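This report looks at one helix and its partners, then at the surroundings of the ligand, and last at a single loop residue. Please keep the sequence and the structure at hand while reading.

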Amino acid sequence: MVSTLLTFAGAAIVCILAKLLLTRRDRFPPGPRRLPLIGSALHVPRTYPWLKFSEWAKTYGSIVYADVFGQPLIVLNSAKIARDLLDQRSAIYSERPTMIMGNLSGYGQPFILQPYGENWRQQRRIVAQDFSQIGIIRYHPIQEREARKFISGIIEDSSTLFRQLKLRMGTIIIQVTYGHYLKDENDPFLTMPLTAMDNFSKSTAPGAWLVDFIPQLQYMPVWMPGASFLSTAAKWRQIVWDTTWQPYLWSKKNLESGNILLPNMCSTFLEEADRNPSEEQQDRLVWAASTVMGAGMDTNVSTVLIFFLAMILNPAVQAKARKELDDIIGRDRLPTIDDKVSLPYIRSIMTEVLRWHPAVPLGVPHSVKRDDIYEGVLLPKGSLMIPNVWYMLHDSEVFANPDVFDPDRYHNLDSEMEKVTELVFGFGRRVCPGKLFAEGTFFAIVATLLSTCEISAPVDASGKTMIPEVTFSSGTIIFPSSFEVNVECRSEKARELLDSAVTE
Ligand code: HEM
């Protein structure tokens, strides 16, 4: 009896000692090998990281730890875990990582990168209210009109697909934000934010700037060798400033003179503040508007381009969609956004586009406010939380034959489609506030195109069909490589409907 007790006591002491001897690091989730100083930097690729992270899912599992120059990075390769942490524990997982070069370049003010706090909350409230389920109904006519103009334009000349799409998506988002109608693709209301978005990608590219790993470098004198990033940041900061304030000041001035298109987000807010907002209110409105511009344009452009690729490669899907449209809507009118609820196959196509190649494959990283324990592993304070949405949507245990574009996999059931839409628009308190509006624009284009046109691969001079390659750029938002498409009107009637819609 005594010897048994002694054995138990001994075992208990060994356990306690072992626990005490385990360092914090031993309690992190598994992950690639870490070296002193640089950590796992050599294992984290700078391009197409979601593919490498998906390989990690097979080697290390659903939750993977890496460390880049001391910055902990946690890759979430499971929808359940992403929801458990980013949704269920959102009180501590709603921060954004600090991006020093992004901040130096002026991107710290728009609320997409703001820390979780009062300024973020107030900016977000402005956007969430304006783009609420009820609020967006007033924007439907704008989305439908631009979708129809876009389709008319590409029927005329489908080689301008990429340019026209940017112009039309820009027209929608700029009109609903500031009440300005773009003159053409050289309108500074469009060119300025496009430059700012490009600089945003560059300044926030993970691993591109030493100052992101050694923050003290931001205090270097600008004349010192190696400090050229400071003058680049200053130049970019000025562009962000102009892109943010100029359209707003135009909008405010033209609201006074009545020379503006209503409704739009800035005017709605200004009217509610009796056209006399406090400095603080104005500041929040200005940066909220600028966030909408940045977050709402390229995401939709990318998604529509991916839809075109899917349609070129899947004529049978187009035929099935046309049948649904003809049966439910007929051929005597164009679809409107209100028709979305009665077109489950069109909704399935949209969902499958978002799943097949999500425009934001790694979402936008969150950050954790304090140490947290999840299923026995330690997730240290300040870790970058990266939801590998691409992998979650290509997990063959959830989506059979994940590389195949197959809208039938949802059996026309919204509950099945939600498995996708609940991931691609992000998580928890940071979930995309433009989701419903984005879906409206996407639907207007998809339904109108499929109801009026046939989409196919063009034929080259030698009579060979030019099937596009499905390849993408790398970045926070991905874009298909340039491809050609053939868009033809289905019938005279469809042509008439489009013509009269765009000349109204
Ligand atoms: C297909 C189109 C779109 C996709 C796939 C998309 C996706 C996303 C994702 C993944 C996030 C990050 C969420 C997170 O942190 O977990 C996000 C944030 C955001 N999106 Fe969208 N988005 C789209 C369109 C739009 C549109 C049209 C708007 C504006 C009307 C918009 C406004 C925003 C804003 C303001 C944020 C920042 C939210 C925050 O940090 O609190 N998005 N979006």
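## Helix α10 and its surroundings

The axes of α10 and α11 approach to within 10 Å and cross at roughly 160°. In this predicted model, angles over 145 degrees count as roughly antiparallel, and α10 and α11 are therefore roughly antiparallel to each other. The crossing of α10 and α11 is right-handed. On the side of α10, the contact is made by Met 265, Cys 266 and Phe 269, while α11 contributes Leu 285, Ala 289 and Val 292. Sorted by character, the residues of the contact of α10 with α11 comprise 6 nonpolar, no polar and no charged.

Helix α10 spans residues 265–272, and its buried residues are Met 265, Cys 266, Ser 267 and Leu 270. Met 265 and Cys 266 thus appear among the buried residues of α10 and also in the contact with α11. The buried residues of α10 pack against α11 (279–296) and, besides that helix, against α5 (118–130), α7 (161–178) and α9 (228–257). Just after α10, the backbone at Asp 274 takes a positive phi of about 50°.

## Around the ligand

Helix α11 also takes part in the shell around the ligand, where it supplies the largest share, 4 residues. At least two residues of the shell come from each of α5, α11, α12 (298–313) and α17 (435–452). The shell has 28 residues, and those that come nearest to the ligand are Gly 296, Thr 299, Gly 426, Cys 432 and Gly 434. The table gives the division of the shell by residue character.

| Class of residue in the shell | Number of residues |
|---|---|
| Nonpolar | 17 residues |
| Polar | 9 residues |
| Charged | 2 residues |

## Phe 472 in its loop

Phe 472 is placed in the loop between β7 (453–456) and β8 (486–489). Is Phe 472 buried, exposed or partly exposed? Because Phe 472 has 17 C-beta neighbours inside 10 Å, Phe 472 counts as partly exposed, given that a buried residue would need 20 or more and an exposed one 12 or fewer. Leaving aside residues up to four places away in sequence, Phe 472 touches His 357, Ile 478, Phe 479, Pro 480 and Ser 481. Val 317 lies 155 residues from Phe 472 along the chain, and the C-alpha atoms of these two residues are separated by 22 Å.

Methods. Residues are numbered from 1 along each chain as its sequence is written. This is a predicted model: local features need pLDDT of at least 70, side-chain atom pairs count only at pLDDT 80 or more; totals for chains, interfaces and linings use all residues. Two residues are in contact if their C-beta atoms, placed from the backbone, lie within 7 Å. A residue is near a molecule or strand if its C-beta atom, placed from the backbone, lies within 6 Å of it. Ala, Val, Leu, Ile, Met, Phe, Trp, Tyr, Cys and Pro count as nonpolar, Asp, Glu, Lys and Arg as charged, and the others, Gly among them, as polar. Axes are lines fitted to C-alpha atoms, for helices over the stretch in contact, and angles run from 0 to 180 degrees between N-to-C directions. Angles under 35 degrees count as roughly parallel, over 145 as roughly antiparallel, 65 to 115 as roughly perpendicular and the rest as oblique. A crossing is left-handed if the near helix is turned anticlockwise from the far one by less than a right angle, and right-handed if clockwise.
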